[in-house]
Amino acid sequence: MPPHASYSSPRPSACPGLWRIVSALDGGICRIKLPGGVLLAQQAEAVASAAERFAGGVIEATNRGNLQIRGVGPDHQGLVAALLAAGLGPREAAGDDVRNLMLSPLAGLDPAMVLDVRPLGGQILDLLEGTPRFHALSAKFALQLDAGERLAMLDHPHDLWLSVLELEQQPWLAFGLAGSLGESDVLGAVPFSQGLTLVRAMLERFLDLATPTQSRMRHVLQTCTAADFIDGLGVALRQDPAVLGWRRPVRPVTWLGALPQRRGVALGVAPPLGRLTPAMLREAARVAREQGDSSLRVTPWQSLVLPNLASGGIDQAQHSLMTVGLLCHAAEPLARISACTGASGCAKALSETKADAVALAALLGPGAPASVHLTGCPRSCALAHTAPATLLARAPGHYDLYQRDPRLPGFGALRATDITLNEAGAMLDLPTEHLDD
Ligand code: SF4
């Protein structure tokens with residue numbers, strides 16, 4: 001057993017961690033952070049077995065590209081030991097919470113990438129895990145490292161985002177604070193080779209400035225301007241119009257079905273509503289081992305990518321994965337719906353959002369928005385950004401319907417109140433402008 005296997009609850013936080021198994025109505029929740037979302041086939045099998053042996057067999061893909069096991073029973077030490085034995089822990093317990101670096105699920109493989117950021121990603125994770133001072137960062141403090149991949153999450157806000165761009169045929173690393181890649185302003189850039197130096201300086205500057213109540217970058221930027229923040233970095237920044245006027249290219253994103261790679265092809269599949277059964281994980285691991293490179297990647301869309309598949313085997317792989325209940329096509333209604341845990345697992349939920357989502361999926365037609373989110377309370381903890389349509393529970397089976405509007409905070413414009421699932425299905429199937437009616 002690794003020396004820290006019996007270490008319990010390394011630090012206080014409401015967020016689940018590997019050792020910090022947080023109680024919910026359906027048992028404990030244990031979160032497994034994956035470096036760059038990568039899960040090896042044997043690790044997937046270990047998670048499936050651990051979920052059966054120490055919990056109720058429910059595994060969730062999170063919207064940060066991690067996994068969590070729900071319904072954990074009393075043997076926390078046995079569960080943690082099994083996960084550590086599979087290489088799913090940090091190098092020391094105190095570094096578990098801060099392993100929050102998002103990469104594209106096709107980092108290093110995507111045809112649109114400027115370069116392979118995985119080596120820098122590994123260095124940043126080592127920095128976070130190996131620097132005791134950085135263990136003081138909040139379990140929610142999150143970074144994103146992007147290289148212009150087509151398959152990239154552009155909507156999730158991050159405390160610090162970094163994106164590779166090419167200037168004068170050289171790679172540079174642009175950055176922004178407390179925003180999303182797709183929307184927030186570029187504040188400066190450094191040569192790509194200075195990326196790790198920049199990240200270290202950013203984290204130190206944040207911790208120098210943050211008061212005990214300021215756990216996120218957006219909090220610090222309420223009392224310090226972004227210009228003052230970066231002035232004190234001690235890193236030479238490029239801030240000319242070529243950098244400050246740059247915008248990260250935004251392209252349509254598909255994460256299901258055959259996904260092109262620079263060489264070869266990947267396959268995206270999704271468990272309905274983000275919930276994996278042990279059988280799904282085992283089958284994905286089997287296909288990855290037999291037809292791919294024995295690895296999976298967990299995505300921020302709560303789905304899986306099987307990279308480096310033999311191109312001739314995609315149809316057979318899809319068929320195998322569909323037989324265990326994984327979704328393979330974006331047009332499937334359930335692939336367009338997300339839902340939080342709901343009343344069976346969360347005391348705050350006003351409805352059984354997961355079951356309601358399944359019922360709603362049967363009512364949705366081709367006119368429905370690309371993404372609909374059901375949330376049991378206004379916290380909306382299951383989605384890190386605002387969906388085009390949000391259903392906020394008011395009572396069992398009854399919801400308020402919101403439509404995303406960038407001019408409005410929160411879920412957007414309130415379109416209907418206290419509607420049933422049938423009414424929601426009918427309204428969502430109308431072209432967007434009719435939601436006003
Ligand atoms: S969004 Fe609210 S109801 Fe749903 S899981 Fe989170 S806290 Fe519970």
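Helices and strands here are DSSP runs, at least four residues for a helix and at least two for a strand, numbered from the N terminus. Keep that in mind as you work, and remember that you're looking at a predicted model.

**Exercise 1. Find Asn63 and work out its surroundings.**

Where is Asn63, is it buried or exposed, and what does its side chain reach?

Step 1: Place it. Asn63 sits in the loop between S4 and S5.

Step 2: Check the accessibility. Buried means under 20% relative accessible area. Asn63 has 12%, so it's buried.

Step 3: Follow the side chain. It gets to the backbone oxygen of Ala382 at 2.7 Å.

Step 4: Look at the contacts. Setting aside neighbours within four places in sequence, Asn63 touches several residues, among them Met102, His156, Cys381 and Ala382.

**Exercise 2. Describe the strands around S5.**

Which strands pair with S5, and in what sense?

Step 1: Start with S4 (residues 58-61). This strand and S5 pair in the antiparallel sense over 4 bridges. Within that pairing, Val58 is opposite Arg70 of S5.

Step 2: Look at the turn. The hairpin of S4 and S5 has 5 residues between the strands, and Gly65 there takes a positive phi near 75 degrees.

Step 3: Move on to S2 (residues 27-32). S2 and S5 are also antiparallel, over 4 bridges, and Cys30 has Ile69 in S5 as its bridge partner.

Step 4: Ask how enclosed S5 is. In strand S5 (residues 67-72), 6 of the 6 residues are buried, so the rest of the structure largely encloses this strand.

**Exercise 3. Examine His385.**

In which loop is His385, and which side chain does it make a polar contact with?

Step 1: Locate it. His385 belongs to the loop between S17 and S18.

Step 2: Judge the burial. Its relative accessible area is 19%, so His385 counts as buried.

Step 3: Find the polar partner. The side chains of His385 and His156 make a polar contact at 3.2 Å.

Step 4: List the wider contacts. Not counting residues up to four places away in sequence, His385 touches Met153, Asp155, His156 and Arg404.

**Exercise 4. Classify an aromatic pair.**

How many aromatic pairs are there, and is Phe141 with Phe206 stacked, tilted or edge-to-face?

Step 1: Take the count. Searching the whole structure turns up 3 aromatic pairs.

Step 2: Classify this one. Planes under 30 degrees apart count as stacked, over 60 as edge-to-face and the rest as tilted. The planes of Phe141 and Phe206 are at 50 degrees, with ring centres 4.7 Å apart, so the pair is tilted.

Step 3: See what it links. Phe141 is in the loop between helix H3 (118-130) and strand S7 (143-146), while Phe206 is in helix H4 (residues 195-209), so you're looking at distant parts of the chain, 65 residues apart.

Step 4: Check the burial. Both Phe141 and Phe206 are buried.

Step 5: Now try charges over rings. Arg238 has its charged end over the ring of Trp172, 4.8 Å from the centre. Arg205 lies over the face of Phe229, at 5.9 Å from the ring centre.

**Exercise 5. Sketch a five-strand sheet.**

What is the strand order in the open sheet of 5 strands, and which helix packs on it?

Step 1: Write the order. It runs S16-S17-S18-S19-S20, and the pairing is mixed.

Step 2: Mark the edges. Strand S16 (337-339) and strand S20 (413-419) each pair on one side only.

Step 3: Add the twist. On average, neighbouring strands are turned by 20 degrees against each other, direction ignored.

Step 4: Zoom in on one pairing. Strand S18 (residues 389-395) and strand S19 (residues 398-403) are antiparallel over 6 bridges, and Leu391 has Leu401 in S19 as its bridge partner.

Step 5: Place the helix. Helix H11 (residues 421-428) packs on the sheet and touches S17, S18, S19 and S20. Its direction makes about 150 degrees with that of S20.

**Exercise 6. Compare two backbone angles.**

What is phi at Leu273 and at Asp418?

Step 1: Take Leu273. Its phi is near 55 degrees, a positive value in a residue other than glycine. Leu273 is in the loop between strand S12 (265-269) and strand S13 (275-276), and is buried at 8% relative accessible area.

Step 2: Take Asp418. This residue isn't a glycine, yet its phi is positive, about 50 degrees. Asp418 lies in strand S20 and is partly exposed, with a relative accessible area of 39%.

Terms used. Residues numbered from 1 in each chain as written. Predicted model: local features only at pLDDT ≥ 70, side-chain atom pairs only at ≥ 80, totals over all residues. Heavy atoms only, no water. Phe/Tyr/Trp six-rings, centres within 6.5 Å; stacked < 30°, edge-to-face > 60°. Buried < 20%, exposed > 50% of the residue type's maximum accessible area, 1.4 Å probe, protein only. Lys NZ or Arg CZ within 6 Å of the ring centre and 35° of its normal. Pairing = 2+ DSSP bridges. Axes fitted to C-alpha atoms, helices over the stretch in contact; angles between N-to-C directions. Contact = heavy atoms within 4.5 Å. Polar contact = N/O pair within 3.5 Å; in protein donor to acceptor, adjacent residues only side chain to side chain.
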